[in-house]
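Dear colleague,

I am passing on the structure we spoke of, and my notes on it follow below. Please read them beside the coordinates.

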Amino acid sequence: YICKMQKARVRANEYYFSKLYNRFGIVREAAIDTPKMYFLLSDQFVTFCCYDNNAPGSDRVMTMEQIEDGLRYCRENFFTPVFVHGDSSFLDVNFADVFEDHIIHHILPAELQEKAVHIQHPMLVFSHETLAGCREHLDNCIYNIQQRDPTNLAADILRLFQTADRINVNVLNLNAHFDEECYLDQLRKIRDHLAEAIARGDTHKELNLLTDLCYTDAWCNCGAGDRTFAYAPDGKFYTCPAFYRSGPDWPVGTPAAGMDQLKNAHLYRREFHPICQACDAKQCRDCIYRNFSGTKEVNVSPSYQCRKSHLERKVAVELERAVASAMEFPNTLQDVDYLDPITVAPSVMGKEIGYYQVTK
């Protein structure tokens, strides 16, 4: 009964502070860090993670009743709701007014920013084609680039840095044909820009591919199936958007039944990713859909994903050393002599970890 009362108090606090925020703009100083529920408001939701939402399919749109059911589940089970837009389906809805007892975060395509008059401080998603819409200062944003042509990466990131303090890059459709040399060259151009900025005293610019390793000891992947889930227009929960849009019909629950279909839930947690235990490239996206597509296991990364992450780690080490006289990062990175941690995983873990095919 003590646990039930404490949960009731937490829900009441969330309700109260949501009202304060939506009515008066009062922000809670110490917000609770809860798991996220991504509401895919339509099948045309903007690509905001490693999965490229370009698969053909229906044009389903989430109903207001479904939204209410999802928000109720979030309140009862301590999830932070994140609405993922992709078209103009809900841009005329004043969510702060209609759902004033919830604090809702929004992810929005950059090209819809001016139409979203009721959405304050959305997380904007850019691509090479939509960079012209980046005119106002941004604390944080998302940038998507296709793996088949990474040649625009450095130029686009430097352009975004003119207005954005932090950029989260998604490399879409990654596979074994990834051009590692070109990617490394692009990362080093960004490294040089960051090093010059730090030398001038501008130390607040962050790029998830490089600076996350220097600042945090926490793993920076999305946590799909563990700390994040997706709520789709079909009214069902999925471990991530990719398993809704492109995989087989694998829902893990509904707002009414809860997460009653989530099988082998432990495999989505970091401690059950065996090869990752030998790796310290903590900026790695470790995408569970990419894992499943490449190895048929959600907790085993394909070699090309590991190699990409270690190229980023390599340049992060170079960045730290380039700015050593001007700035000391919280983490000190050391060189490693491999790109794929499978080469050291058995010796680090002290046991064999099974079959794994290097695809490069």
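The secondary structure of the chain amounts to 10 helices and 9 strands, and please keep in mind that this is a predicted model. For 360 residues a compact globule would have a radius of gyration near 21 Å, and because the chain has 21 Å, the two agree. Along the principal axes, the C-alpha atoms fill a box of roughly 55 × 50 × 45 Å. Buried residues account for 51% of the 360 residues, and of the contacts with a separation of 6 or more, 65% are between residues 24 or more positions apart.

As to the surface, the accessible area of the chain is about 17600 Å², with 50% of it belonging to carbon and sulfur atoms. There are 38 positive and 49 negative side chains, and the centres of these two sets lie 4 Å apart.

The structure also holds 19 aromatic pairs. One of them is the tilted pair of Y38 and F48, at 4.9 Å centre to centre with 40° between the planes; Y38 sits in strand β1, whereas F48 lies in the loop between β1 and α2, 10 residues apart. Y38 counts as buried because its relative accessibility is 16%, and F48 is buried at 9%, the cut-off being under 20%.

W250 and F292 form an edge-to-face pair, at 5.2 Å centre to centre and 80° between the planes, which links the loop between α7 and α8 to helix α8 across 42 residues. Here W250 is partly exposed at 41%, and F292 is partly exposed at 21%.

Finally, one aromatic cluster has among its members F39, Y73, F229 and Y231.

Best regards

Conventions: Residues are numbered from 1 along each chain as its sequence is written. This is a predicted model: local features need pLDDT of at least 70, side-chain atom pairs count only at pLDDT 80 or more; totals for chains, interfaces and linings use all residues. Side-chain values use heavy atoms; hydrogens and water are left out. Helices (H or I, at least four residues) and strands (E, at least two) are DSSP runs, numbered from the N terminus. The radius of gyration is taken over C-alpha atoms; the globule rule is 2.2 Å times the number of residues to the power 0.38. Buried means under 20% relative accessible area, exposed over 50%, partly exposed in between (1.4 Å probe, protein chains only). Contact means heavy atoms within 4.5 Å. Accessible areas come from the Shrake-Rupley method with a 1.4 Å probe; for residues, only the protein chains shown count as cover. Lys and Arg count as positive and Asp and Glu as negative; His and the chain ends are not counted. The place of a charge is taken as NZ of Lys, CZ of Arg, CG of Asp or CD of Glu. Rings of Phe, Tyr and Trp (its six-membered ring) pair if their centres lie within 6.5 Å; planes under 30 degrees apart count as stacked, over 60 as edge-to-face and the rest as tilted.
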